[in-house]
Amino acid sequence: MPHLTSGTRVACSFAGITTEGTYITDRDGMAVVKLDSGYNIGVAPESLSFLAKGEAQPAFHTEVVQNPSLPELSIISTGGTIASRVDYRTGAVTSQFTAEDILNAIPGLGDIARFRAEVLATILSENMNVSIWKDLARAVYRDIREGVEGVIVTHGTDTMAYSAAAVSFMLETPVPVVFVGSQRSADRPSSDNVMNGLCSAAAATSDLGEVAVVMHASTNDDACAIHRGTRVRKMHTSRRDAFRSFGMSPLGTVQYPSLDVTLSADAVRRRDDEPVLHDTLEEKVGLLTFYPGMDPALLSAFEGCRGLVVSGTGLGHTSADMIAGIRELTDAGTTVVMTSQCLNGRVCDRVYDTGRDLLAAGVIEGEEMLPEVAYVKLMWVLGQTNDAEEIRRLMATPLRGEFGRCSVHGL
Amino acid sequence: MDYETLGLKAGIEIHQQLDTREKLFCHCPTVLRDIGERNEEFFRYLRATVSEMGEIDRAAREEMMVMRPFTYYAYDTTCLVEHDEEPPAPLNPEALELALTMARMMGMTAVEQVHVMRKLVIDGSNTSGFQRTALVALNGMLPAGARIESLCLEEEAAQRVEGVTFSLDRLGIPLVEITTAPDMHTPEQVREVAAYIGMLLRSTGRVKRGLGTIRQDVNISIREGARVEIKGVQELALIDEVVRREASRQVNLVAIRDELLGRNASIDEQTHEVTALFAETGSAILKRAKYIGAVCLRGFAGCVGREIQPGRRLGSEMSDYAKKCGVGGLFHTDELPAYGVTAEEVDTLKSALGAGEEDCVILVADTKKKALCALAQIQRRARMALEGVPEETRKMLEEGSTAYMRPLPGAARMYPETDVLPVPVSPGYVAGLCVPELLTAKEDRFVAEMGLDPALAHQLAFSAQVGLFEDVVCAGVKPNLAARTILATLRELSRDGVAVEAVGDDDVLAVLLEVENGSVAKEAIPDIFRAVAGGMNVRAAVESVAPGISEDELLSIIRTILSERVDFVQEQGMRSVGPVMGVVMKEVRGRADGKKISDLLKKEIQGML
C-alpha cells in the first residue's frame, strides 16, 4: 500500500462493511479517517486500503479591494487566535496566515479604512520576547513615519498587555496604536474576532493619540473598551471581556455594530507630531512574586540582574527574612522596585516596619503600577540610563500614564 | 396512495436526551429551568465562518442573510461552557457508556476512537455557532429488519423561548442521534420503527421522559421527488401523518412542475417597483410600506394558489423563502383581489407588468432592501418549481404539514472540535457493558412471573416508575399492591393537588413494607402519603395517621357499632356484613387491616343471629 498522506482517499473495513473516506493523520496509533458524512473516526491503520491520491487543494485567495478615499491604517500581525484558520479537510488549526487574511476574515474592515499589512511574527503569545518587541516598536514607528492614520497590532491575548506596555514606553506616538486579539478562535461562528477587529479599526481611526488595547467590554456583543496600554491586564482565562483597566477607567468605548467611538477626558488625543522611537531595553530584569514562606535564597537567582520588580503583599511587603537578600542585590547595583499583588491601589512602604526596612534596603516604591508594567518600564528605564538617581526619578515619574499622581476613588 | 408505485423511501433520525447526572461537555446538572429563574441575560451575533476552500455552508449562508442579535437566558445551573466563554470539559464518560450500551442493544459496532466534531449551526440555538457531535457506533440491525446506520452522541441545543431568544438550561444535555437507513416504504413502517427504537431506548431506564425529550427527524423522498428532511417531530402519533403529507406534497409539486413545463412557464428576471400604483389603496399593509416590489411569473397562474398540503400552497413555499429576508410575507394574484386589494388594482398591476391570464404576479411590501432580497428569493423558489421538488430541511407545523427551514446542509459544515481529545473505546469495555432487559420482555415477565393483568403489566413496564416497582417487589411487597400504589394511588393524590413529588422512592418502599408486615392497613396508604408530602417522615406519618389498634380495641368498636344496629342485623342476617363493614372502616380509618375487620365482624354477627 502506498504511503498514506493527508487527503488520500481510502477504503476502510469496519463494522462488517466497507466505507470510503479521506485519510487525515495518525493519532495515538490510530488512523483518523473523515467519512463522507463529515464525521471523523479513529480506526486501526491496517484496516485501511488505498483508493486514490488526494486532490490538490485549490489555493484559497480572495482579492482584497481597497477604497482609496478612506484613511490608511496599518495592520501588523504577530500571531495569535484572531485570524487563525481551520483546515476543514484535516481539522488542523493553522497559525500561518497573512495579515491580508485578516481582511478576508473580518468583512467590513474595508468600509472603515484602507490597509497596509505586515506579518511581523507568527508565534503563540507565550513565545513573545524582547527582540520581537523591539521589531514591533520599529515597525509601528516606520508606518507612522510613513503617514498611516493609525496602527493595529494583532496579538495573542495572553501576553498582549506586556507588549502593549513595551510599545507604550518605546514609542511616543501621535496617532492610535491599537492592540487587539480574540479570546474565542476565529474558526467558530461565535468568535469575538470580527467585533474586536472592527472596533480596533474604529479606534485606530479615532482621535486617540496613544497605545491602547481594544477588546470586548462585556460578555455581550455590544461594545469594546479602549484600555490604556500601561493600565490593562488580562483578568480571565477565557471570557471575551477578560481585559480590564486598573487604577483608571477605560480610555473610551467603541459601540457595536455602530462603531461609534467615545473617548474619555483622560485619553491622550491625536497630534501632528512626528513619532519618537526609544528602542533600547535592558533584558537583565526579573519579576518575582513574593509568597508567604518564600526562601530568601531564591533571590540569588537574580544576582547580576540590573533590575528586579517584586510583586509584594498589600501595601508592598515581603517577609522580614527577605530584606537582607534584597539589600545585597541593591548593594550590588540591582534596581529593586516594589509593586503589589493587590493590582488595585498604590504601594506605600512607609506605614509598617517591614516597609520602612525595605526602603532602607534601597527598594523603590512602584506607585500604582501593575507588576508586569513596572517590569517592562524598568527594562526600558535601564535601557535609557545607568545613572542611579535618574533611574529612581524616571521610575517615580508617570511617563506613559502608567500611574497617576492621585489614586482615583470608585475603582 | 400507492406508496410502492410512488417509490416512497423514508429513514428516521431519533434524538433522545439522556438522563445523565452532568451535561456532555461540562459538569452542570441536566435540569430544565423555568425562565423566570434566570439570573443573567446576554446577547451575541453569530456569523458563518468561511471554510478553507473559501465556501460558506449553504444552510449557514442562508441563516446569515439577516444578522440578528441572539439573546440568551442563563441560570445558576449553567456555566461558562454554555455561555461559549470557556473551553469544553472532556466528553462525559457516563453519556458515552450509555450510548455504547444502546449501540450494543442494536447490534452495532463501536468505533475504536471517538472524535468529537463541530457541526455548524448558526440559527442561534448554540452559543458557539456549532453543535458538538461524535460518531460512536455504526451498522446495526433491528429485529424488524430496519438497518441502523449510525449512532452519534451529541449535545442538545438551547431551547428557543421566542423569536431569537434562547434559554441555556437545555444546551449541553447529552443526546443520542440514531439514524436508520432509508429502508421504510410506508408511513406505518416509519411509525413502527420509531416506536420500537423509542421503546429500546427507554429500556435503559436512563433517558429523559416527557415532551421534547425525544424528537424524530424524518427523511422522505418519492422516486420523482427529492430528499426532504423534516425536523423535530415530537409526537410519535403524528409521524405517519407527516410522511403521508410530505409524500402528497411531493406528488403535487411534481404535478405542478409537469403543468408548468407544459405551459412553457418562465420567471421574469426583471422586478418592478409598483409603490405608486398603491398610493390610494385600502390595504393597510401595502399602504404603510416604504417600497412595494413585484415580479411576474409567466404561466404560473393558478399554480401558486394551488394547495399542496392541507393549509399550504406553492405560494406558502415562496413566502417561506421570502421570509428569510425579514419580510412578513407576500401577496400573489392567484389570491387577489383580497386583503383590501381591489380588482381594479390587480388589473392595473397586471397591465403594468404586462401580465396575461396565464401569469401570476407576486407582490412584496417592505423596505426596498428587504423587498428586493425577498423578490430574488421568490424568483429562486419559482425556478425550483420548474425542476420539481427542492432538497430542503423543513420544520413541522401543527397537524403534520411542514414549512421550509433551510437548504440541506453539506458535509463541509463539519470540522473537528480541537478542544476535546479523542476518546479510545476498547472492544473489551463494550463487551463488558450490561445490556438491559427490553421493556417488552419486562412486560411479558410481569405477566408470567408476577401474575399481573396484561394491561397493567404493559402500563407499568412503560411507565417512568418501573424501576421503583421492581425494587419494591424485590424487597418483598406483593406485585399487585405495588402496582396499584405506584400507578394509581400516587397519581390520584397528585390529581387532588397533593405534592407527591415530595414522596421519595424510599418512602414508598417503607410504607409498603409496613403494610406487607401487617403493621399498617393498606387503606391508610393515601393518608400516610398525604402526611409525607406535607413534610413528615414515614415513621411520624404512620404514627399520626394510623396508630396501631389492638384486637381488643377493634372488637370493642365493632360491638359498639353492632349494638346500635341490632334490628338491622337481625333483619338482614349475614347480608348486613357489607353495610356494617363500611361503618367500621370509617371509624378505624385504616388503623386495621380490612380482612381482619371483616373476619371479626362476621364472627360477631354470626354470634348475634
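**Note on the strands, the chain contact and selected backbone sites**

1. In β15(B), B:R298 is the bridge partner of B:S266. The model under review is a predicted one, and the remarks below should be read accordingly. Strand β15 of chain B spans residues 291–298, and five bridges join it to β14(B) in the antiparallel sense.

2. These two strands belong to an open sheet of four strands in chain B, ordered β14-β15-β19-β18, with antiparallel pairing. Its edges are formed by β14 (266–273) and β18 of chain B, each of which pairs on one side only. As general background, the strands of a sheet pair through backbone hydrogen bonds, in either a parallel or an antiparallel manner.

3. Strand β1 of chain B, residues 9–17, is mostly covered, with eight of its nine residues buried. This strand pairs with two others. With strand β12 (residues 214–221) of chain B, β1(B) forms eight bridges in the antiparallel sense; within β12(B), B:V218 is the bridge partner of B:I12. With β11(B), β1(B) shares five bridges, the two strands again running antiparallel; here B:L175 of β11(B) is the bridge partner of B:Q17.

4. What surrounds B:M184? The residues that B:M184 touches, leaving aside those up to four places away in sequence, are B:L8, B:K9, B:A10, B:G11, B:I12, B:Q189, B:V190 and B:V193. B:M184 itself sits in the loop of chain B between β11 (174–180) and α4 (187–202). Its relative accessible area is 2%, and B:M184 is therefore classed as buried, the cut-off being under 20%. A further spatial relation concerns B:R147: the C-alpha atoms of B:M184 and B:R147 are 9.8 Å apart, while the two residues are 37 positions apart in sequence.

5. How many residues of each chain take part in the contact between chain B and chain A? On the chain B side there are 52 residues, in contact with 49 residues of chain A. In general, the accessible area lost when parts come together is often used to state the size of an interface. For chain B and chain A the buried area is about 4300 Å², of which 55% is on carbon and sulfur atoms.

6. The polar side of this contact can be itemised. Seven salt bridges are counted between chain B and chain A. One of them links B:E85 with A:R239, with 3.8 Å between the closest N and O atoms. The count of residue pairs in polar contact between the two chains is 20, both residues being at pLDDT 80 or more. Several strands of chain B, namely β2 (40–44), β4 (109–110), β6 (116–120), β7, β8 (147–155) and β22 (414–416), each supply at least two residues of the side that touches chain A. The largest share of that side, six residues, comes from β7(B). By residue class, the side of chain B that touches chain A divides into 25 nonpolar, 13 polar and 14 charged residues.

7. Strand pairing also occurs between the chains. Strand β4 of chain A (residues 40–43) and strand β5 of chain B (residues 113–114) pair in the antiparallel sense over two bridges. In β5(B), B:V114 is the bridge partner of A:I41.

8. Two non-glycine residues of chain B merit inspection for their phi angles. B:D84 is not a glycine, yet its phi is positive, at about 60 degrees. B:D84 lies in the loop between β3 (70–74) and α3 (93–105) of chain B. Is B:D84 buried or exposed? With a relative accessible area of 1%, B:D84 is buried. For B:N139, phi is likewise positive, near 60 degrees, in a residue other than glycine. B:N139, however, is found in a strand, β7 (residues 130–141) of chain B. Its relative accessibility is 25%, so B:N139 counts as partly exposed.

9. Which peptide bonds are cis? Among them is the bond joining A:Y256 and A:P257, where omega is about 5 degrees. A:P257 lies in the loop between β17 (252–255) and β18 (261–263) of chain A. The bond from B:L336 to B:P337 is also cis, with omega near 5 degrees. B:P337 is placed in the loop between β18 (331–332) and α8 (343–352) of chain B.

Notes. Residues are numbered from 1 along each chain as its sequence is written. Chains are lettered from A and ligands numbered from 1 in the order in which they are written. This is a predicted model: local features need pLDDT of at least 70, side-chain atom pairs count only at pLDDT 80 or more; totals for chains, interfaces and linings use all residues. Side-chain values use heavy atoms; hydrogens and water are left out. Buried means under 20% relative accessible area, exposed over 50%, partly exposed in between (1.4 Å probe, protein chains only). Contact means heavy atoms within 4.5 Å. Buried area is the accessible area (1.4 Å probe) that two parts lose on being put together, summed over both. A salt bridge is a side-chain nitrogen of Lys or Arg within 4 Å of a carboxyl oxygen of Asp or Glu. A polar contact is a pair of N or O atoms within 3.5 Å; within protein, one must be able to donate a hydrogen and the other to accept it, and residues adjacent in sequence count only if both atoms are side-chain atoms. Ala, Val, Leu, Ile, Met, Phe, Trp, Tyr, Cys and Pro count as nonpolar, Asp, Glu, Lys and Arg as charged, and the others, Gly among them, as polar. Two strands pair if DSSP finds at least two bridges between them.
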